[in-house]
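Biologist: I'm new to this one. Could you show it to me and let me quiz you on the terms?

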Amino acid sequence: MSLDSRGPGNPRKRTVHALRWLRWRQTCNHFTALVRGSWLRVVLVALFSAIFWGLLFFLFRDGFRFIDAILPSTNEIVEYLFGLFFLSLMVMLVVSSGILVYASLYQSEEAAFLLSTPAADDRVFAHLFRDALVFASWGLFLLGSPMLAAYGLVADAGWPFFALVLPYLVVFVLLAGSTGAAGSMLLARYAPRRTKTVLGLLLAAMLIGGLVYAVRLLATPGQVFSLDWIDALLDRLSASQSPWLPSRWLARGLVSAARGDAAQGLYDLWILASHAALAYLFAAWLSTRFLRSGFSRARSASSARRRHGVYAIDALFHRVFAFLPAPARLLILKDFRCFRRDPAQWAQFLLFFGLLGLYFLNIQRLNSGDDAWPPFWKHVIGFLNLSVAALILSTFTTRFVFPLLSLEGRNLWVLGLLPMSRRTILWGKFLFATGLSLVATITLVLLSDLMLRLPPGVIALHILAISILCAGLAAISVGLGAILPDLRQDDPSKIAAGLGGTLNLVVSLIYIALVIVVLAVPAPWYLELLDRSQPPGDSPIRAVLSLAAVLIGALSLGAIATWLPMRWGIRAFEQLEA
Amino acid sequence: MTVAASPHTTTPALVELRGVSKAYGAKRVVDHLDLDIRPGELFAFLGPNGAGKTTTIKMVCGLLRPTAGSVIIDGFPASTREARARLAFVPDQPYLYGKLTGREFLRFVVEMYAMDRRRAALRTAELIETFELASFIDDLCETYSHGMRQRVVFASALVHEPRVLVVDEPLIGLDPRSARIVKNLFISQARSGVAVLMSTHLLAIAEELADTIGIIHQGRLLARGTLDDLKRHYREEGSLEDMFLRLTEGDRPTTPFNPGAVAP
């Protein structure tokens, strides 16, 4: 794409071409820099994405085969499930694209730069909206494409279905994104000082709505998978099948296309596309009216200084951790204050662990009466839940703990001049990350195990395991964060997405896999010691030895994963010139 | 050094602020500000931190809207396309696309301002030479130091030949050589008829470069005039610094200083 060959003298057209050319050059230069500079990251990202996509594909394929094998009227049930799935995604997309568009339009320096040029407001909006939308929706494509591919395969769909999948997803994303963008522009225009309140209310409404809906579904009467149960379940899902919902058009169109009714598939796509176009036009029109005034209001609102004082929680922290030296305690408290004053951090923390907690709470429903699982499956699910908690924790430590040291950036000299060793500073960050992780994950694991009605011995083992995992994951993130700091970057998400962050995630995943394998593989031999309901084995010595080996193995792994990264991190941090 | 060029007071102003106020919530950060900057005038906006300089500058650039009053650039309201096309803004933390080279960034700006491409090519080459960018202009902007970034941003601000140049804290982070280049640029721009509005809290820069100095404190313009006018009016024998401190530390004049009242 060349600028010189395009556009005559029309300023508006030249702006459009310039913004397109900007994105094209940025993409090319970014890709070239990636391939030249960190090809390892490209390979790792591609490899893990492919593995993740493949795993999802096989999971969905088996799921659809299961539904196909045991349930009548598969297409109807799938249509209901798609309706519910895409309704949930639509709500999340509207909110996430709204947040991202708000940040792009009103908080980014790029917006300030573009708004100071002669570019028309709707062109600035279109440019920033597209970037925000891509960022908000890549997860939908990563999750939706294997699911729809698997469904098409199981339903033996023809080529029209596969040809329609991408256009459906694109217009669906455009519709949800435009709605979110319109909402964010209205918010900036009319309530720029109430953004956090509105966001909080929205998230609370989503959480409560999701909870109520989930409880209703899980309380469906009847024997699971019986005809009565399916009828009752479909009845309870009917709210997501309203003909006014775009998610319903998408579900109906795709299922019709898979059944060979391409005309219905095209008809629903047309309806969805026309609504998406209308929503985008509305958002673009709003931008011509409100973008500049909203920018001014949002920037003026955010200029009001916030005051934070001393809180009871800080005093409590000092009392509880009185055994730590005062400087280390203050440093941990600083990180804790940053955490609780940054909604991006605690909201993500609450959302991930809250959803997991919700799922754990509902295990009881599937584990009662005639549906109670045999002990073997309880243990398997217990280990799986433990792994999921650790996996979510690893994304959290990669996103928020790994960048901690890099974020000190230009203030690193302050840390260097503090009357405490750099070793203490790093251990302080480790304690902060471990403490926060322990509180969340032990609560979750306890909840899961109690709902599964696991025996106390197994619960104790799981708590030990998650503690080892917490310490190791925190040490890996703090240590690697000190070894591979990015002191010039002040955006934690970019630090986490860099080479260091990617490596941190990979090492964390390997560590989790090792600990879980060490604990779970010999489980059949030692569980009889911890779970009295298990039949006694023929070799008690083997049981004792396997339990001892598991404990020694897990503790050793934890010690290595904690000590080595911290040691290397401390060495790197001590040699780092501020 | 004091710039000798003195703009004609009869020429229509390129930047006009009439009764401009701006409030952030209950706090009024700019309070009933009247200001004219004429072609060829280098106006230095002086004030302590939080005085309202940056807010005023953002209103001049059309990024913030005044709570009251109007901002006119070359006859057009500041938020219009016509006003923005005549104005260049260099913020204190300039924005560059990290994944573009400096040359690509300049080309992007040329297109955004819909310049004649042949003229733009000549102008770009001239600015690359003026700001000594040749050694790094084809590297990605993300690899630049602060000084390099600042020089590229100045080049991008001037490539479209603005009639009004607005600069917020121009010399922060620049080495002496780069600072000299920028100072020369301000003078040459003003002499070529551009209205330059520069915000700074470096008094020596204002003293050295400015045709007119405006002292703002707590959102109010306390004084405006040439350095000599101001010294004469306040019977200040000392430096601009002494006068500035006297004005902004509570010892304020009872009536705002009106340049029209000062004898030439």
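Biologist: How many residues of chain B are in contact with chain A?

Modeller: 24 residues of chain B are in contact with 32 residues of chain A. Two residues count as in contact if their C-beta atoms, placed from the backbone, lie within 7 Å. A caution: this is a predicted model, where local features need pLDDT of at least 70 and side-chain atom pairs count only at pLDDT 80 or more, while totals for chains, interfaces and linings use all residues. Residues are numbered from 1 along each chain as its sequence is written, and chains are lettered from A in the order in which they are written.

Biologist: Which element gives the largest share of the side of chain B that touches chain A?

Modeller: That's α3(B), with five residues. Helices here are DSSP runs of H or I, at least four residues, and strands are runs of E, at least two, numbered from the N terminus; α3 of chain B spans 102-112.

Biologist: How do you know that β1 and β2 of chain B pair?

Modeller: Pairing takes at least two DSSP bridges between two strands. Seven bridges join β1 (residues 15-24) to β2(B), so by that definition they pair. One of the bridge partners is B:Leu35 in β2(B), matched with B:Leu17.

Biologist: What makes β2 and β5 of chain B edge strands?

Modeller: The open sheet has the order β2-β1-β4-β5 (chain B). β2 (27-37) and β5 (76-77) each have a single partner strand, so one side of each is left without a neighbour in the sheet.
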